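The following paragraphs lead through one molecular model, beginning with the surroundings of its ligand. Please keep the sequence and the coordinates at hand while reading.

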Amino acid sequence: MNILFMGPPGAGKGTQAERIVAEFGIPHISTGDAFRLAMKEGTPLGLKAKEYVDQGLLVPDDVTNGIVRERLQQDDCKRGFLLDGYPRTLAQAEALDGMLKESGRRIDHVISLVVDRDMLLKRLTGRRICKSCGATYHILFNPPKQEGVCDKCGGELYQRSDDTEEKVGTRLDEYLSKTEPLLRYYRDQGLLREVNGEQEIDAVTAQITSILKGQAE
Ligand code: AP5
Ligand code: MG
Ligand code: ZN
């Protein structure tokens, strides 16, 4: 199954993706995670991405399309994949269509998580992430059992550098101007399903799972 997760920063794409890939046994491909890893390792891709990610701006399409193209060619994507946070522009969506067509694949589901702006701000400023395994927490909404420590692996939790109020504002503006128009592209193809991302985490997972299994009305 080939799935796209869309939605503004903080909508819960990563949180839900962790759960859905565990259920469906497919890889989780987050372009944001790929950029952060490259930035941490200081590779040429990381240095390029840093110029944009640190400002809350979208990384140029050619750079982003390149990493997705490479990732989708790997063997573990043959049984399906979940793309989280890609595509985010019409040019990326068209590039993705081309990549999939070349290999005889297509998108099966596009899930858009819908969350109000005020709630997004609260979520992003309270988010914490595990340095070792990448698991996501929230200091109020989804706290770890022990403050600052990952439940899953005991790793140290940190705050993303683009989760400040100022950068969140820029990221939301980028979403509204460049990514939200893409919803229409997928709606017109009959692929888009909107899910209320303001529900409890478990309720959102249940709704997405039933859509993917074809059980939703
Ligand atoms: P990326 O890492 O993808 O960031 P984003 O899109 O801004 O989304 P987030 O990861 O911030 O939010 P999320 O929806 O995953 O929410 P989460 O589950 O963590 O991209 C970062 C940057 O990389 C971009 O700004 C850009 O520069 C670059 N980039 C990436 N992809 C690109 C592309 N395709 N093109 C160009 N540039 C690209 O949840 C958030 C918080 O809320 C957590 O604390 C969580 O615990 C909590 N939470 C989640 N769900 C719930 C719930 N239901 N109830 C209560 N709390 C919840
Ligand atoms: Mg994420
Ligand atoms: Zn961890």
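Helix H2 supplies four residues to the shell around ligand 1, the largest share of any element. Helices (H or I, at least four residues) and strands (E, at least two) are DSSP runs, numbered from the N terminus. This is a predicted model, in which local features need pLDDT of at least 70 and side-chain atom pairs count only at pLDDT 80 or more, while totals for chains, interfaces and linings use all residues. Residues are numbered from 1 along each chain as its sequence is written, chains are lettered from A and ligands numbered from 1 in the order in which they are written, and side-chain values use heavy atoms, with hydrogens and water left out.

The shell can be described further by its members. Around ligand 1 there are 35 residues, of which Thr15, Leu57, Arg88, Arg127 and Arg171 come nearest; a residue is near a molecule if one of its heavy atoms lies within 4 Å of it. By class, the shell holds 13 nonpolar, 14 polar and eight charged residues. Here Ala, Val, Leu, Ile, Met, Phe, Trp, Tyr, Cys and Pro count as nonpolar, Asp, Glu, Lys and Arg as charged, and the others, Gly among them, as polar.

Which polar side-chain atom lies 2.6 Å from an oxygen atom of ligand 1? It belongs to Arg127. In the side chain of Arg171, an N or O atom is 2.7 Å from an oxygen atom of ligand 1. Gly85 takes part through its backbone, with an N or O atom 2.9 Å from a nitrogen atom of the ligand. The protein buries 96% of the 1000 Å² that ligand 1 exposes when taken alone; accessible areas come from the Shrake-Rupley method with a 1.4 Å probe. The elements that give two or more residues to this shell are helix H1 (13–24), helix H2 (31–41), helix H6 (117–125) and strand E6 (136–138).

The UniProt record, an unreviewed entry, adds annotations. It places the feature "binding site" at Gly10, Ala11, Gly12, Lys13, Gly14, Thr15, Arg127, Thr136, Tyr137 and Gln199; such annotations may be inferred rather than shown by experiment. Gly10 is found in the loop between strand E1 (2–6) and H1. Gly10 counts as buried because its relative accessibility is 14%, where buried means under 20% relative accessible area, exposed over 50%, and partly exposed in between (1.4 Å probe, protein chains only).

For "binding site", the unreviewed UniProt entry also lists Cys130, Cys133, Cys150 and Cys153. These cysteines are spread over 24 residues of sequence, yet they cluster in space, with a largest C-alpha distance of 8.5 Å. Cys130 lies in strand E5 (residues 127–130) and is buried, at a relative accessible area of 2%.

According to the same unreviewed entry, residues 127–162 carry the annotation "domain: Adenylate kinase active site lid". Over residues 127–162 the chain is 0% helix and 25% strand, and its end C-alpha atoms are 11 Å apart. Tyr158 lies in strand E7 (residues 157–158) and is partly exposed, with a relative accessible area of 28%. Tyr158 and Tyr137 are 21 residues apart along the chain, and their C-alpha atoms are separated by 9.9 Å. Ser161 lies in the loop between E7 and helix H7 (165–179); Ser161 and Asp54 are 107 residues apart in sequence but 7.1 Å apart in space, C-alpha to C-alpha.

Methods. A polar contact is a pair of N or O atoms within 3.5 Å; within protein, one must be able to donate a hydrogen and the other to accept it, and residues adjacent in sequence count only if both atoms are side-chain atoms.
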